[in-house]
Amino acid sequence: MIFGSFKETEGGTPQGGVISPTLCNIALNGMENEIKKDYYYEGGKGQSKPCNYHVKLIRYADDVICTGKNLEVLKDIQRKISKFLEPRGLELNEKKTKITNVRDGFTFLGFDIMKVKYDPQRNPGASTREDIIIVNPSKKGKIKIKAKIAAIIVKNQKLIDIIGKINPVLRG
């Protein structure tokens with residue numbers, strides 16, 4: 001609204017803007033419940049407990065990981081998410097959407113994630129004999145952060161100024 005009259009906008013909110021996560025949470029509110037309806041059962045005292053599909057949904061703003069042991073269930077969940085997004089004018093990004101085995105690894109939010117078998121030779125200090133999840137910064141993520149740091153250091157500044165600018169980059 002400009003001076004009381006409606007004016008069409010030319011674009012949305014800026015990427016990384018402070019309002020973006022809030023708008024994302026409003027738009028995607030209820031997505032987890034859609035999945036839980038079919039793939040969880042209600043436990044005692046209204047507690048939702050996972051059923052034997054071993055489905056988990058992890059969401060950070062508009063980035064989502066859905067894990068499960070059954071390929072057909074995961075394909076069904078992908079369809080359900082697409083159906084959930086449709087009336088909101090949203091759709092899955094086909095280039096970023098992927099169903100894979102966690103043992104093959106995947107990248108999420110700049111980190112490579114992979115599940116490996118417990119190996120006492122490689123993991124002698126592990127407190128459990130269960131499979132282990134390995135999380136490392138992705139190659140692309142490392143290149144990106146190195147470039148940001150290099151751009152800060154290249155400028156001829158005082159060390160205290162460089163540290164003040166690099167710390168927020170390192171914290172993310």
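This passage describes the overall architecture of a predicted protein model and then one of its sheets.

The protein chain comprises 172 residues, and its secondary structure consists of 5 helices and 7 strands. Read from the N terminus, these elements follow the order α-α-β-β-β-β-α-β-β-β-α-α. The chain thus begins with two helices and ends with two helices, with a further helix placed in the sequence between a run of four strands and a run of three.

With regard to the surface, the protein chain exposes about 13900 Å². Carbon and sulfur atoms supply 54% of this exposed area. Of the residues in the chain, 18% count as buried, a class that covers those with under 20% relative accessible area. Contacts were also examined by their separation along the sequence: among those between residues at least 6 apart, 36% join residues at least 24 apart.

An open sheet is formed by 3 strands in the order E5-E6-E7, and their pairing is antiparallel. Strand E5 (106-108) and strand E7 (132-137) stand at the edges of this sheet. Each of these edge strands has a single partner strand, and therefore one side of each is left without a neighbour in the sheet. From one strand to the next, the twist averages 30°.

Within this sheet, strand E6 spans residues 111-116 and pairs with E7 in the antiparallel sense over 6 bridges. The pairing can be followed at the level of individual residues: Met114 has Ile134, in E7, as its bridge partner.

Notes:
Residues are numbered from 1 along each chain as its sequence is written. This is a predicted model: local features need pLDDT of at least 70, side-chain atom pairs count only at pLDDT 80 or more; totals for chains, interfaces and linings use all residues. Side-chain values use heavy atoms; hydrogens and water are left out. Two strands pair if DSSP finds at least two bridges between them. Axes are lines fitted to C-alpha atoms, for helices over the stretch in contact, and angles run from 0 to 180 degrees between N-to-C directions. Buried means under 20% relative accessible area, exposed over 50%, partly exposed in between (1.4 Å probe, protein chains only). Contact means heavy atoms within 4.5 Å. Accessible areas come from the Shrake-Rupley method with a 1.4 Å probe; for residues, only the protein chains shown count as cover.
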